[in-house]
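The following exercises are to be worked with the sequence and the three-dimensional structure at hand. Each task is followed by a solution in steps.

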Amino acid sequence: LHIAYNSPFFLAAPSLCLLWNRIQAIAGTLKSTSDCPELQKFKMPKENVKFWILKLLLFYGTMPIIDILYLIDDIFYGDYQKCSLDDAVFIVGGFRTGSTNLQRAIHLDEERFVSPRCYEVMYPYLWMAKFFDWLEERDPKIIKNIEKTIQGALGEDIMARHPFSWYGAEEDDIFPAAWHYVGWYAGAIFAHPEAMIYSGLQDKLPEVAQKRTYEFYKRSLQKILYRRGNGRTLLSKHHMVNFLPMLSRELPNAKFVDIVRHPKDSFRSWVALSQSALALFSRAPLPQEVAVPLGLRLYDHFTKAETDFFIEGKGYGSAKDNRILITFN
């Protein structure tokens, strides 16, 4: 069935290099590449370790079922693979730079643009999205209750810093981070400083790992266009700045927009948001003496990737006139 319906085996699972990196982090054997003593000696707390061991066992124990659920889309809705992302617009920016506000402002032009929604970036299944459509048609209150439940689970601090709604435009690096353990957003889900750097530097991963994530990411976005596109342009927003060289090679006509804000205006907000997210998704935040130098290290890598792609044009063949950089004074 996988071959007949052009459905890669276990596409929802991360590449082995990323899985091995996470296992090393959990086991306490992942070597630090930082010169900061606090980052070098960091070990995951026992409560984090127990939580992630259980989560990995559950994730991979149910992977055959997940694969079947993913295959359903390719069997019954295989035409989604024909949807083109060639004219897509990708908004990228550092955390807490205003990229979400920009995406949601542009997304108000619903005649021209369509953006991923929250449940679409959490569960990249067409059949599930259609099931939610059916629930809404049956009783809109069901969706409202689901929305309130998710908002309550996220908590007041996360909701205050990053408001969530069922129909609102949402950043789509959530599912690469959650499913493939890749992208800078993974640092808000998995509480280990070295694993975060490894996940964020996507352009340094083996080519086969980058292509696997691209295929998973591409198909997830194609499903959104298939179901809700109606001829509109995909408007994406994420923080995967180190993934832009791959995207520009695969989608040479896509447009890339970057928002740059001085780190001193966004750093504290990012550390606070990431700590709240880690408390929710990883059961415990990082110690403050680890979170701060890790954030500084993230900003160094992120700024280098921004400079390479948007200023120096290291995009591996893509034209520079499809890149826009916006700065705040």
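**Exercise 1. Locate Arg-96, state its exposure class and describe its phi angle.**

Step 1. Arg-96 lies in the loop that runs between β1 (89-93) and α5 (99-106); helices (H or I, at least four residues) and strands (E, at least two) are DSSP runs, numbered from the N terminus.

Step 2. Arg-96 counts as partly exposed because its relative accessibility is 23%. Buried means under 20% relative accessible area, exposed over 50%, and partly exposed in between (1.4 Å probe, protein chains only).

Step 3. Although Arg-96 is not a glycine, its phi is positive, at about 65 degrees.

A note on the source: this is a predicted model, in which local features need pLDDT of at least 70 and side-chain atom pairs count only at pLDDT 80 or more, while totals for chains, interfaces and linings use all residues. Residues are numbered from 1 along each chain as its sequence is written, and side-chain values use heavy atoms, with hydrogens and water left out.

**Exercise 2. Carry out the analysis of Exercise 1 for Tyr-181.**

Step 1. The loop between α10 (174-180) and α11 (193-200) holds Tyr-181.

Step 2. With 4% relative accessibility, Tyr-181 counts as buried.

Step 3. Tyr-181, a residue other than glycine, has a positive phi near 60 degrees.

**Exercise 3. Determine which residues of α3 are buried and how they are arranged about the axis.**

Step 1. Helix α3 covers residues 46-61, 16 in number. From first C-alpha to last it reaches 22 Å, close to the 22 Å expected at 1.5 Å a residue; the expected span is 1.5 Å times one less than the number of residues.

Step 2. Asn-48, Val-49, Phe-51, Trp-52, Leu-56 and Phe-59 are the buried residues of α3.

Step 3. Viewed down the axis of α3, these buried residues fall within an arc of 165 degrees, so they line one face of the helix. The arc is that of the directions from the helix axis to the C-beta atoms. An α-helix has 3.6 residues a turn, so residues three or four places apart point the same way.

Step 4. The other side of α3 carries the exposed residues Lys-46, Lys-50, Leu-54, Leu-57, Leu-58 and Gly-61.

Step 5. The cover over the buried residues of α3 includes α1, α4 (63-76), α10 and α14 (263-281).

**Exercise 4. Identify the buried residues of α4 and the helices against which they pack.**

Step 1. Helix α4 has 14 residues and reaches 20 Å from its first C-alpha to its last, close to the expected 20 Å.

Step 2. Buried in α4 are Met-63, Ile-66, Asp-67, Tyr-70, Leu-71, Asp-73 and Asp-74.

Step 3. These buried residues pack against α3, α7 (126-138), α10 and α12 (207-228).

**Exercise 5. Describe the surroundings of Ser-7.**

Step 1. Ser-7 belongs to the segment before α1 (16-27), and it counts as buried because its relative accessibility is 4%.

Step 2. Neighbours within four places in sequence left aside, Ser-7 is in contact (heavy atoms within 4.5 Å) with His-2, Leu-71, Asp-74 and Arg-219.

Step 3. At 2.6 Å, the side chains of Ser-7 and Asp-74 make a polar contact. A polar contact is a pair of N or O atoms within 3.5 Å; within protein, one must be able to donate a hydrogen and the other to accept it, and residues adjacent in sequence count only if both atoms are side-chain atoms.

**Exercise 6. Describe the surroundings of Glu-170.**

Step 1. Glu-170 is found in the loop between α9 (156-161) and α10, and it is buried, with a relative accessible area of 4%.

Step 2. Neighbours within four places in sequence again left aside, the contacts of Glu-170 include Gln-103, Arg-104, Pro-116 and Arg-117.

Step 3. Glu-170 and Arg-104 are 66 residues apart along the chain, and their C-alpha atoms are separated by 8.1 Å.

**Exercise 7. Describe the surroundings of Asn-322.**

Step 1. Asn-322 is in the loop between α15 and β5 (323-327) and counts as buried at 9% relative accessibility.

Step 2. Beyond its neighbours within four places in sequence, Asn-322 is in contact with Pro-252, Ala-254, Lys-255 and Phe-256.

Step 3. The side chain of Asn-322 reaches the backbone oxygen of Pro-252 at 3.5 Å.
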